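Visitor: Please choose a single part of this model and examine it closely for me. I should like to understand how that part is set among its surroundings.

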Amino acid sequence: MRILIVEDEPLAADRLATMLRQRLPDFDLVGTFDSIEETVEELNKGLMPDLAFFDIQLADGLSFSIFEQAKLPCPVIFTTAFDQYALQAFEVNSIDYLLKPIAGEKLDRALGKFQERLPEKPTGPPSLDILQQALAMIQGKQYKERFVIKSGATIQAIPIEEIHYFWSENKMTWIRLRDGRKHVVEYNLEQLESLLDPKAYFRVNRKYYVGLPAINKATVYSNSRLKLHLPHLETGEEVVVSREKVQAFKAWLRGD
């Protein structure tokens with residue numbers, strides 16, 4: 001089986017490839033691409049996978065646009081951090097998808113569905129109409145407006161507008177408020193991907209999710225990265241936009 005992986009998070013791509021090797025020892029990984037541009041270029045050169053895994057959100061846009069620019073001769077299993085509700089359009093139209101972080105049993109299910117169809121007839125890529133329906137549901141999603149925090153015996157609801165940024169430390173997720181206070185919230189960063197409005201917050205690296213008002217400025221850092229100057233950082237802490245996210249981060253700042 002010839003498999004294509006389109007994923008802009010290197011660790012996620014490596015993890016998926018490892019999980020696939022454990023289940024399909026003889027599969028051929030024909031490519032691991034991290035952008036729409038590269039995927040379209042290779043497909044138009046004649047790349048012919050039997051199955052593709054597409055992350056929905058890539059650094060240069062939504063992977064749905066690949067179908068508008070190139071002919072894909074195989075079915076797609078989407079990987080995404082969007083929640084179950086937003087993906088009902090995929091399920092109704094029999095498009096396979098995997099929620100991140102990908103669980104082994106879910107991957108087994110998706111591969112099983114793909115292999116069950118092979119004796120009957122090959123399953124082609126999803127239609128643009130179906131993708132547009134799914135995209136409309138995703139874009140219409142209601143994002144979290146407040147977070148509940150606990151301090152001793154006190155429970156308090158914090159409006160999302162008061163949160164400058166989220167970060168992970170010692171297996172806990174913290175929020176930094178506008179006034180400098182910090183609190184623990186009961187979500188990990190992967191869960192936050194489906195809860196936060198992507199127009200208001202951006203995951204700059206594995207540790208930080210940053211709100212637009214928190215960014216005082218960004219400066220060029222080593223290895224083509226950007227260093228963010230945020231208020232109320234812990235002593236010695238640096239927040240750096242990972243290299244693979246720099247272009248998407250700049251587009252986010254511009255409001256593209």
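Guide: Let us begin with a term: two residues are in contact when heavy atoms of theirs lie within 4.5 Å. The model before you is a predicted one, and the part I have chosen is helix H8, which spans residues 246-254.

Consider first which residues of this helix are covered. Val 246, Ala 248, Phe 249, Ala 251 and Trp 252 are buried in H8. These buried residues pack against four strands, namely S13 (201-203), S14 (208-211), S16 (225-229) and S17 (239-241). In soluble globular proteins, nonpolar side chains tend to be buried together. Where the helix has ended, Gly 255 follows, and its phi is positive, near 85 degrees.

Two of the strands that meet the helix also belong to a sheet. The sheet is open, has 3 strands in the order S15-S16-S17, and is paired in the antiparallel sense. Its edges are strand S15 (217-221) and strand S17, each of which pairs on one side only. From one strand to the next, the twist averages 35 degrees. Between S16 and S17 the antiparallel pairing runs over 3 bridges, and here Leu 226 stands opposite Val 241 in S17. Helix H8 packs on this sheet by touching S16 and S17, and its direction makes about 45 degrees with that of S16.

We may now turn to the aromatic rings. A pair of such rings is described by the distance of the centres and the angle of the planes. The whole structure contains 14 aromatic pairs. One of them joins Phe 202 and Phe 249, with 5.5 Å from centre to centre and 70 degrees between the planes. Planes over 60 degrees apart count as edge-to-face, and this pair is therefore edge-to-face. Because Phe 202 lies in strand S13 and Phe 249 in helix H8, the pair ties together parts that are 47 residues apart in sequence. Both Phe 202 and Phe 249 are buried.

Phe 249 also has an aromatic partner within its own helix. The ring centres of Phe 249 and Trp 252 are 5.7 Å apart and their planes stand at 35 degrees, so this pair is tilted. Phe 249 and Trp 252 are 3 residues apart in H8, and therefore about one helical turn separates them. An α-helix has 3.6 residues a turn, so residues three or four places apart point the same way.

How far are these two residues covered? A residue counts as buried when its relative accessible area is under 20%. The relative accessible area of Phe 249 is 0%, so Phe 249 is buried. Trp 252 has a relative accessibility of 10%, and so Trp 252 counts as buried too.

To gather the picture, follow Phe 249 from the helix outwards. Phe 249 forms an edge-to-face pair with Phe 202, which lies in strand S13, and a tilted pair with Trp 252. The helix that carries Phe 249 packs on the sheet through S16 and S17, while strand S14 is also among the strands against which the buried residues of H8 pack.

Methods
Residues are numbered from 1 along each chain as its sequence is written. This is a predicted model: local features need pLDDT of at least 70, side-chain atom pairs count only at pLDDT 80 or more; totals for chains, interfaces and linings use all residues. Side-chain values use heavy atoms; hydrogens and water are left out. Buried means under 20% relative accessible area, exposed over 50%, partly exposed in between (1.4 Å probe, protein chains only). Two strands pair if DSSP finds at least two bridges between them. Axes are lines fitted to C-alpha atoms, for helices over the stretch in contact, and angles run from 0 to 180 degrees between N-to-C directions. Rings of Phe, Tyr and Trp (its six-membered ring) pair if their centres lie within 6.5 Å; planes under 30 degrees apart count as stacked, over 60 as edge-to-face and the rest as tilted.
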